[in-house]
Each structure stands twice: as structure tokens, then as C-alpha cells.
Amino acid sequence: MDGRLESMPADSSVLTVGVPKEASPHERRVAVVPADVRSLKKAGFEVLVEPGAGLLAGFLDAQYVQQGAKVAADGAELARADVVVHVRAASADPDQPYAVGERLRENQILIALCDPLSDPRPIAALAERRVTTFALELLPRITRAQSMDVLSSMATIAGYKAVLLAAEASPRMFPMMMTAAGTLTPAKVFIVGAGVAGLQAISTARRLGAIVYAYDVRPAAREQIQSVGGKPVDLSLESADGQGGYARAMDQDFYKRQQAAMGKVIAESDVVITTAAVPGKRAPVLITTEMLAGMAPGSVIVDLAAERGGNCEATRPGETVEAGGVTIIGPVNVAATVAHHASQMFSRNITAFLVHLKKHGFPAPDTQDEIVRDTLITRDGQIVNPQIRDLLAAPVS
Ligand code: NAD
């Protein structure tokens with residue numbers, strides 16, 4: 001068996017899922033890994049893989065075929081797929097914009113991270129092409145959607161990797177060590193934003209032996225910080241709890257007060273990892289250039305919010321810069337640097353999502369279902385998500 005698709009399945013209820021190579025040259029992940037092909041087939045999907053789609057994440061074409069997938073002759077053959085699953089259909093990095101629209105045909109279904117709230121223009125293009133789009137960022141943060149939550153999976157990986165980046169750049173070791181050459185004090189790490197990435201960063205830094213402090217504007221995060229071994233920092237600021245477990249955007253006066261209250265903790269930290277984000281908004285600036293001057297030379301900041309503009313004023317997305325002896329790392333698309341496990345998690349999430357859609361009548365799923373309704377953004381040539389429509393109608397600032 002060479003795994004090539006000879007004809008569309010005779011059974012019209014069987015839908016073909018196309019797994020392409022990612023569009024960005026910097027993207028190493030793949031949306032479906034071989035281990036999930038059987039679950040998809042069981043749910044009534046055929047899997048058609050572009051040659052080499054999983055290679056950069058460590059998955060060979062032969063492994064897909066072994067699990068029952070077909071390997072297409074080339075990327076163009078994916079036009080035969082009913083649904084195309086991408087990791088990222090658009091980039092949040094303004095220097096590397098990409099969108100996959102041109103590769104999709106009318107009436108094809110796209111499921112991907114689409115970043116629709118940062119830049120809705122690629123979404124308008126998808127609607128014009130009459131592509132049906134599901135944006136994985138818009139999945140509701142509810143218990144029954146947890147198994148499909150791609151954002152949480154990728155944030156888990158980013159939180160872990162941020163600590164490794166910091167440890168690599170720091171001139172200090174993280175654990176306390178009592179040696180014949182004297183005692184080394186543990187590194188002090190401060191995590192700003194204790195959501196999914198922040199909590200993972202706390203546990204990873206703790207495992208390396210650092211003393212870890214953390215702060216989040218949502219009061220509920222305090223207990224979560226403690227549960228993973230961090231010490232919550234009290235800044236005596238009001239709560240910025242928003243909808244659906246996210247923070248809400250605050251005014252400049254709030255952020256100024258936050259900067260002032262955090263100044264001392266930041267100055268005393270060897271490593272600061274910032275993860276603070278507000279959905280659909282530029283990340284708040286929480287560390288000013290002035291605050292950097294208070295940090296000891298050799299300190300390191302890893303700004304996981306770099307793609308959203310950065311929590312640190314000095315951050316340059318995709319670059320490492322130095323200011324007064326402080327290293328500021330602004331990594332973008334961090335999860336892609338751990339491509340194997342990131343793909344494994346993404347694939348498990350997207351498989352759960354496809355199985356859910358199938359149960360709800362996919363390819364025309366019931367839009368009464370909250371998961372379907374929230375993620376569906378284009379259909380029949382229209383943008384069906386009001387928030388994206390409003391963004392497109394708003395004057396460009
Ligand atoms: P996110 O990436 O939008 O933001 C990261 C963190 O930054 C958040 O915890 C936010 O409160 C914090 N933040 C924003 N502004 C800040 C500021 N000025 N100072 C300090 N911190 C600031 O969020 P996320 O990590 O994707 O998710 C946040 C929360 O959503 C989780 O902790 C959890 O409670 C909830 N959640 C629920 C589910 C579910 O129920 N299925 C899944 C995932 C997350």
C-alpha cells in the first residue's frame with residue numbers, strides 16, 4: 001500500500017481531513033500526528049497528508065500510512081479534502097504575515113489558529129473565498145471544551161520553554177547548591193501573569209530549584225500560584241477579572257500603579273518571565289525602560305507577550321536585546337520550538353474538536369452548540385462572528 005488517495009471515499013458520510021505542511025517557513029509543528037489517525041478514522045474521517053507535513057516535528061509519512069492515513073502526491077491534492085486542519089492560518093507577527101487562504105478552495109472548511117482578533121483582514125479574505133472557518137482561539141473556556149483547548153496546550157509548552165530560555169541566558173544557576181567551593185544562593189524568579197503559561201513557568205522554575213514569586217490581576221490566580229509552589233505577590237491593586245477566566249483591559253492609570261508597585265520585586269529578581277495578556281488587545285506594558293535600570297546587571301527578562309507587543313517596553317519581538325546589562329528575550333511562536341510535543345498536544349486537541357463537530361452534524365454542525373457557535377467565524381461567504389465584523393468596520397487606528 002503506498003497510501004495515496006485514489007478516489008474520494010465511496011461512503012459520502014466519510015469526510016476527508018487534509019493535513020498540510022504549515023505555511024510559515026518558521027513553523028515546525030503539524031496539526032495531526034500519526035497517533036491520532038485511528039481515532040479520526042473511527043469517527044468517520046479519512047486523513048490525507050501532504051508529503052513531509054510532519055517531518056520537522058519528527059513524524060514520517062510512513063508513520064501516517066501505518067496508522068491508516070493516505071499521503072497525497074503533493075500539496076495541491078489537498079484541494080480534495082473536505083476540511084483542512086492547520087496549526088496557524090495567520091501570524092500575529094507583523095514582520096512575518098502569512099495567511100493560508102490562497103491554498104483553500106470554495107466550500108472547503110478550515111480549522112486553525114487564525115488570530116482573528118489581532119488582525120481580522122485574513123478572515124475577510126477567507127469569507128470572500130467562501131471558505132468555512134473555525135478559529136480555535138475562540139473556543140469557550142468551559143469544562144467540556146478542555147480536551148480541545150489548543151491555547152492551553154501551547155501556553156503550557158511556552159511557559160516551560162520560557163524558563164529554559166531564561167536559565168540558558170542567565171549567568172546564574174537556578175538551584176541552591178552547597179559545595180566545597182561555598183554555597184550558591186538560588187535564583188529569584190518573578191512570573192508576571194499566572195494563567196496557563198505562567199503557572200507552567202512557575203512549576204518549571206521550581207523544579208529547577210529557583211525561588212519563584214508570581215503576580216496576576218485575577219484574584220483567583222493566588223491559590224493557583226501557591227498550588228504549583230510559587231509565592232503570590234500582593235500589589236494591593238484592584239482585581240481586573242474579566243469574562244471567561246480572562247483578565248480585562250485596564251486604563252493607563254492602573255498600569256502605571258502596577259508598574260510602581262512591581263518595581264521593587266522586579267529590581268530584586270534575577271529572572272522575570274512576563275506572560276500578561278488581554279484577549280484581542282495589545283499586551284499591557286508592565287516593565288518600563290526606567291524599571292530596567294533598577295535591575296542588577298546579568299538579570300534576564302523573557303517576554304512571552306512579545307507577539308502581542310510585549311509586557312516590557314524594551315522587547316523586540318523575535319529578538320534578544322540588552323539594556324544596561326539586562327538581557328531581554330522576546331521569543332515568538334515559542335511552542336513551535338518544541339515541535340514534537342506541541343504537535344502531539346495540538347493533534348489530540350484538534351481530534352477531540354473534529355469528533356465533537358462530527359457528533360453535532362459536521363460538515364454543517366448545529367450552531368446552537370456553544371463550541372460550534374463560538375469558533376465558527378466564516379460561512380457562506382459571510383463573517384458570522386459579530387466581534388470580528390465590528391473590528392473590520394472600525395476605523396484603522
Ligand atoms: P491569557 O494568555 O489571556 O493571559 C495570561 C495571564 O495574564 C492571565 O492569567 C491574565 O489574568 C494575566 N494578566 C493580564 N493582565 C495582567 C496584568 N496587568 N498583570 C498581571 N497579569 C495579567 O490567559 P490564559 O492563560 O489563556 O487563561 C487565563 C485563565 O483562563 C486561566 O488561568 C484559567 O483560569 C482560565 N482557563 C480556563 C480553561 C477552562 O476552563 N477550560 C482553560 C484555560 C484557561
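This briefing walks through the sheet, the aromatic rings, the salt bridges and a surface patch of the structure above. Please keep in mind that this is a predicted model. Eight strands form an open sheet, four aromatic pairs are present, and a search of the whole structure finds 18 salt bridges.

**The sheet**

- The eight strands of the open sheet follow the order β3-β2-β1-β4-β5-β6-β16-β17, and their pairing is mixed.
- At the edges lie β3 (70-71) and β17 (382-383), each of which pairs on one side only.
- Inside that order you can find β5, residues 109-113, which runs parallel to β6 and is joined to β6 by four bridges.
- To see one of these contacts, start at Ile109, whose bridge partner in β6 is Thr132.
- Strand β4 spans residues 83-88 and contains Val85.
- Val85 counts as buried because its relative accessibility is 0%.
- Val85 and Ile109 are 24 residues apart along the chain, and their C-alpha atoms are separated by 8.4 Å.

**Aromatic rings**

- A good place to begin is the pair of Phe134 and Phe362, whose ring centres are 6.2 Å apart.
- The planes of these two rings stand at 65 degrees, so the pair of Phe134 and Phe362 is edge-to-face.
- Phe134 belongs to strand β6 (residues 132-135), while Phe362 sits in the loop between α9 (339-359) and α10 (370-375).
- Because of those positions, the pair ties together parts that are 228 residues apart in sequence.
- Are Phe134 and Phe362 buried or exposed? Both of them are buried.
- Ring pairs also link Phe134 and Phe362 with Phe45 and Phe353, giving a cluster of Phe45, Phe134, Phe353 and Phe362.
- Phe45 has a charged companion too: the charged end of Lys358 sits over the Phe45 ring, 5.3 Å from its centre.

**A pair of neighbours in sequence numbering: Phe254 and Tyr255**

- Phe254 and Tyr255 form an edge-to-face aromatic pair, with 5.7 Å from centre to centre and 85 degrees between the planes.
- Phe254 has a relative accessible area of 1%, so Phe254 is buried.
- Tyr255, at 9% relative accessibility, counts as buried as well.

**Salt bridges**

- The side chains of Asp119 and Arg121 meet in a salt bridge, at 2.8 Å from N to O.
- Asp119 counts as partly exposed, at 25% relative accessibility, whereas Arg121 counts as exposed, at 59%.
- Another salt bridge brings together the side chains of Asp270 and Arg172, at 3.6 Å from N to O.
- Asp270 lies in the loop between α7 (252-267) and β12 (271-274), and Arg172 lies in the loop between α4 and β7 (177-179), so this salt bridge ties together parts that are 98 residues apart in sequence.
- Asp270 counts as buried, at 14% relative accessibility, while Arg172 is partly exposed, with a relative accessible area of 38%.
- Arg218 forms a salt bridge with Asp216, and the closest N and O atoms are 3.6 Å apart.
- Where do the two partners of that bridge sit, buried or exposed? Both Arg218 and Asp216 are buried.
- Lys41, Glu46 and Lys70 are joined into one network by salt bridges that share partners.

**On the surface**

- Which residues make the nonpolar surface patch of about 220 Å²? Tyr160, Leu164 and Leu208 do.
- Tyr160 is found in helix α4, which covers residues 150-169.
- With a relative accessible area of 35%, Tyr160 is partly exposed.

**A separation to look for**

- Ala323 is found in strand β14, residues 320-323.
- Ala323 is partly exposed, its relative accessible area being 24%.
- From Ala323 to Leu117, the C-alpha atoms are separated by 32 Å, and these residues are 206 apart along the chain.

Terms used:
Residues numbered from 1 in each chain as written. Predicted model: local features only at pLDDT ≥ 70, side-chain atom pairs only at ≥ 80, totals over all residues. Heavy atoms only, no water. Phe/Tyr/Trp six-rings, centres within 6.5 Å; stacked < 30°, edge-to-face > 60°. Helix = DSSP H or I, 4+ residues; strand = E, 2+ residues; numbered from the N terminus. Buried < 20%, exposed > 50% of the residue type's maximum accessible area, 1.4 Å probe, protein only. Lys NZ or Arg CZ within 6 Å of the ring centre and 35° of its normal. Patch = residues over 30% accessible without salt bridge, like charges linked within 9 Å, V, L, I, M, F, W, Y side chains within 5 Å. Areas by Shrake-Rupley, 256 points an atom, 1.4 Å probe, with all protein chains shown as cover. Salt bridge = Lys/Arg side-chain N within 4 Å of Asp/Glu carboxyl O. Pairing = 2+ DSSP bridges.
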